[in-house]
Amino acid sequence: MKQSAVMRSTLGRLPLYLRFLQSLDITENENISATVIAKYLGFGEVQVRKDLNAVSGAGRPKLGYRTDELIKRLTEVLGRNDVKNAVIIGAGKLGNALLEYNGFIEYGLLITAAFDIDESKAGITEAGKQILPLSRLEEFCRKENVKIGIITVPAKTAQQICDRLVACGIEAIWNFAPCTLTVPEEILLQQENLALSLAHLKLQMNNA
Ligand code: ATP
């Protein structure tokens, strides 16, 4: 099955499966069943089976999955062996929060630096991440082979930043600015709207 076909909800659970499997002594646990994984993680067995089938095919009757193969497959699907570099444009409150967040590496994503037009923001964060002047964007992206751009600037400058990222050879954009961006067909664009996500939750609460 293609990696792109893995559902978002499944993708969210894969790091937990991987962490559990990596904690096992493989010599003593050559095979692992969905039942054991479900029990340990407190998930439903049907869900575990469905998730693992989506990434690795069905387990063998009575034996389950080969632990080493499952680890290999989960590592692949999570992109852990193919880490993609990302940069943030706009080191304001949101940009900084994303820059400091450690959870992206679970999915093979490394935010290597943030850029800001305000040069007084340049420096090194407590976690050791670089904030660089925007003028260094092009040089940095080429040198560091950056593939993903994360936009956290105000809406009025987002398109201009997006165009610069595209010209740098970026392949995907994650846009937090509340505006619609235009990108060439080959560029992947994901629009994030934090307010909308929370509004969706609120709506579900009202309907519960
Ligand atoms: P703060 O108050 O800390 O600046 P903020 O998140 O409230 O944070 P915003 O006005 O949303 O500020 O701007 C986000 C960040 O984007 C700021 O750090 C700002 O300097 C930066 N910024 C604005 N325009 C650009 C631009 N064209 N290129 C790069 N960075 C920009």
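Y101, F104, W174 and F176 form one aromatic cluster. The model is a predicted one, and the structure holds 6 aromatic pairs. In one of these pairs, the ring centres of F115 and F140 are 5.4 Å apart and the planes stand at 70°; the pair is edge-to-face because that angle is over 60 degrees. F115 belongs to strand β4 (residues 109–116) and F140 to helix α6 (residues 137–143), so this pair ties together parts that are 25 residues apart in sequence. Both F115 and F140 are buried.

**Overall architecture**

The protein has 8 helices and 9 strands. Of its 208 residues, 38% count as buried. Along the principal axes, the C-alpha atoms fill a box of roughly 60 × 45 × 35 Å. Among the contacts between residues at least 6 apart in sequence, 57% join residues at least 24 apart.

**Helix α2 and its surroundings**

Helix α2 covers residues 34–41, and A34, I37 and A38 are buried in it. Viewed down the axis of α2, the buried residues fall within an arc of 100°, so they line one face of the helix. K39 and Y40, on the other side of α2, are exposed.

What do the buried residues of α2 pack against? Their partners are the helices α1 (8–22), α3 (45–56) and α4 (67–77), together with the strands β1 (31–32) and β2 (65–66). After α2 comes G42, which has a positive phi, near 70°.

The packing of α1 with α2 can be described in detail. The axes of these two helices are 11 Å apart and meet at an angle of about 105°. An angle from 65 to 115 degrees counts as roughly perpendicular, and α1 and α2 are therefore roughly perpendicular to each other. On the α1 side, the contact is made by L16, Y17, F20 and L21. On the α2 side, V36, I37, Y40 and L41 take part. By class, this contact has 8 nonpolar residues, with no polar and no charged ones. I37 thus appears both among the buried residues of α2 and in the contact with α1. Y40 also takes part in that contact, although Y40 is exposed.

**Two loop residues beside α6**

L134 and N145 are both loop residues, with α6 at one end of each loop. The table gives their places and relative accessibilities.

| Residue | Loop | Relative accessible area | Class |
|---|---|---|---|
| L134 | between β6 (130–133) and α6 | 10% | buried |
| N145 | between α6 and β7 (146–151) | 48% | partly exposed |

Is L134 buried or exposed? L134 is buried, because its relative accessible area of 10% is under the 20% limit. Leaving aside residues up to four places away in sequence, L134 touches I89, F115, D116, I117, I161 and R164. One of these, F115, is also a member of the edge-to-face pair with F140. L134 and D25 are 109 residues apart in sequence, and their C-alpha atoms lie 48 Å apart in space.

N145 is not a glycine, yet its phi is positive, at about 55°. With a relative accessibility of 48%, N145 counts as partly exposed, because exposed would require over 50%.

Methods:
Residues are numbered from 1 along each chain as its sequence is written. This is a predicted model: local features need pLDDT of at least 70, side-chain atom pairs count only at pLDDT 80 or more; totals for chains, interfaces and linings use all residues. Side-chain values use heavy atoms; hydrogens and water are left out. Rings of Phe, Tyr and Trp (its six-membered ring) pair if their centres lie within 6.5 Å; planes under 30 degrees apart count as stacked, over 60 as edge-to-face and the rest as tilted. Helices (H or I, at least four residues) and strands (E, at least two) are DSSP runs, numbered from the N terminus. Buried means under 20% relative accessible area, exposed over 50%, partly exposed in between (1.4 Å probe, protein chains only). The arc is that of the directions from the helix axis to the C-beta atoms. Contact means heavy atoms within 4.5 Å. Axes are lines fitted to C-alpha atoms, for helices over the stretch in contact, and angles run from 0 to 180 degrees between N-to-C directions. Angles under 35 degrees count as roughly parallel, over 145 as roughly antiparallel, 65 to 115 as roughly perpendicular and the rest as oblique. Ala, Val, Leu, Ile, Met, Phe, Trp, Tyr, Cys and Pro count as nonpolar, Asp, Glu, Lys and Arg as charged, and the others, Gly among them, as polar.
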